[in-house]
Amino acid sequence: MKNLLKTLGILLVTGGVVALVATSVSGQDASFRRLMGENMNHLQKIMVSMVNSQYEGVPADVRVIAQHAQDLTQRIPSHVRGPEARNRFLAYANNLGSVSNNLVVVVEELLRHDQTQQNPGQMNIDYLRVAAASHLGEMITTCVACHNQFRR
Ligand code: HEC
C-alpha cells in the first residue's frame, strides 16, 4: 500500500512536470490562440452591430482586428515553414489588415452620412451599408482562407 502510494506520488509529480514543460513550450501558441479568440469575439460583435444597423461601436472593434493583423505579421507560427508558406501567411495577414482598414473608412463615412440623412427610413438602398457588408464578407473570407491552409 505504501509502495503503491509512493508510485502514485511519483507519477503525479512526473505528470505535473511534463504538463509544466508542455505549457511553457506552447506558451507562444497559447498567446497566438488568445489573439485569435479576440478576433472571433470582435468579429461577432461587428456582425451583430451591422446586422442591427448600429454602426457606432464598429470602428473600434475593427481596429482591434486591424492591429491583430499587424501583430500576425510578426508572429508567424513555427509550423509555417519555408519562404513560400511564410509569404502566403504574410499575404493573408496583410489582406486582413487592409480589408479592416477599408471597413473602418466605409463605416466612418456611413456614420457621417447617417447624421445628415434625408430619408432615414430608406436603409435598403444605402450603398454604404452594402459596401460595409461586402468588406465584412471579405474579412471573413480572409479568416477562412488562412485557416484552410495554416490551422492544424
Ligand atoms: C494569417 C493567417 C490567419 C488569419 C488571417 C486568421 N487566422 Fe485565425 N488562426 C490562424 C492559425 C494558424 C490558427 C491556429 C493556431 C493554433 O492552432 O495554434 C488560428 C486559429 C484561430 C482560432 C482558434 C483559436 C483556438 O483557441 O484554437 C480562432 C477562433 C480564429 N483563428 C479566429 C480568426 C478570425 C475570426 C479571423 C479573422 C478575423 C482569423 N482567425 C484570421 C491563422 C489566421
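A residue counts as buried if 20 or more other C-beta atoms lie within 10 Å of its own. Keep that cut-off in mind, because it settles the case of G97, which is buried with 20 other C-beta atoms within 10 Å. The structure above is a predicted model. Its protein chain has five helices and zero strands, and a ligand sits with 23 residues around it. Let's take a friendly tour, from the whole chain down to single residues.

**The chain as a whole**

- Reading along the sequence, you meet the pattern α-α-α-α-α.
- The protein chain has 152 residues, and 15% of them count as buried.
- Take the contacts between residues at least 6 apart in sequence: 69% of these join residues at least 24 apart.

**Around the ligand**

- Which residues come nearest to the ligand? They are R33, M36, N39, C143 and C146, out of the 23 residues around the ligand.
- Four elements each give two or more residues to this shell: α2 (27-51), α3 (58-73), α4 (83-115) and α5 (127-150).
- Helix α2 provides the largest share of the shell, with eight residues.
- Sorted by class, the shell holds 15 nonpolar, four polar and four charged residues.

**How to read a helix pair**

- Two packed helices are described by the angle between their axes and the distance between the axes.
- The next three groups use that description for α2 with α3, α3 with α4 and α2 with α5.

**Helices α2 and α3**

- The axes of α2 and α3 come within 9 Å and cross at roughly 150°.
- Angles over 145 degrees count as roughly antiparallel, so α2 is roughly antiparallel to α3.
- The crossing of these two helices is left-handed.
- On the α2 side, the contact is made by L35, E38, N39, H42, L43, K45, I46, S49 and M50.
- On the α3 side, V58, D61, V62, V64, I65, H68 and D71 make the contact.
- What classes of residue does the contact of α2 with α3 have? There are eight nonpolar, four polar and four charged residues.

**Helices α3 and α4**

- For α3 and α4, the axes come within 8 Å and cross at roughly 160°.
- These two helices are therefore roughly antiparallel to each other.
- Helix α3 passes α4 in a left-handed crossing.
- From α3, the residues that meet α4 are V58, P59, V62, R63, I65, A66, A69, Q70, L72 and T73.
- Their partners in α4 are L90, A93, N94, L96, G97, S100, N101, L103, V104, V107 and E108.
- By class, this contact has 13 nonpolar, six polar and two charged residues.

**Helices α2 and α5**

- The axes of α2 and α5 come within 11 Å, crossing at roughly 155°.
- That angle is why α2 and α5 are roughly antiparallel to each other.
- Their crossing is left-handed.
- I46, M47 and M50 of α2 make the contact with A132, A133 and L136 of α5.
- This contact has six nonpolar, no polar and no charged residues.

**A closer look at G97**

- You will find G97 in helix α4.
- G97 is buried because it has 20 other C-beta atoms within 10 Å.
- Not counting residues up to four places away in sequence, G97 touches A66, A69 and Q70.
- Although G97 and Q67 are 30 residues apart along the chain, their C-alpha atoms are separated by 7.5 Å.

**A closer look at A132**

- A132 lies in helix α5.
- Is A132 buried or exposed? A132 is buried, because 24 other C-beta atoms lie within 10 Å.
- Leaving aside neighbours within four places in sequence, A132 is in contact with M50, L103, V106, V107 and L110.
- From C-alpha to C-alpha, A132 and L110 are 8.6 Å apart in space, while 22 residues apart in sequence.

**A closer look at S53**

- Where is S53 found? S53 sits in the loop between α2 and α3.
- A residue counts as exposed if 12 or fewer other C-beta atoms lie within 10 Å, so S53, with 11, is exposed.
- The phi angle of S53 is near 55°, a positive value in a residue other than glycine.

Notes. Residues are numbered from 1 along each chain as its sequence is written. This is a predicted model: local features need pLDDT of at least 70, side-chain atom pairs count only at pLDDT 80 or more; totals for chains, interfaces and linings use all residues. A residue is near a molecule or strand if its C-beta atom, placed from the backbone, lies within 6 Å of it. Ala, Val, Leu, Ile, Met, Phe, Trp, Tyr, Cys and Pro count as nonpolar, Asp, Glu, Lys and Arg as charged, and the others, Gly among them, as polar. Axes are lines fitted to C-alpha atoms, for helices over the stretch in contact, and angles run from 0 to 180 degrees between N-to-C directions. Angles under 35 degrees count as roughly parallel, over 145 as roughly antiparallel, 65 to 115 as roughly perpendicular and the rest as oblique. A crossing is left-handed if the near helix is turned anticlockwise from the far one by less than a right angle, and right-handed if clockwise. Two residues are in contact if their C-beta atoms, placed from the backbone, lie within 7 Å.
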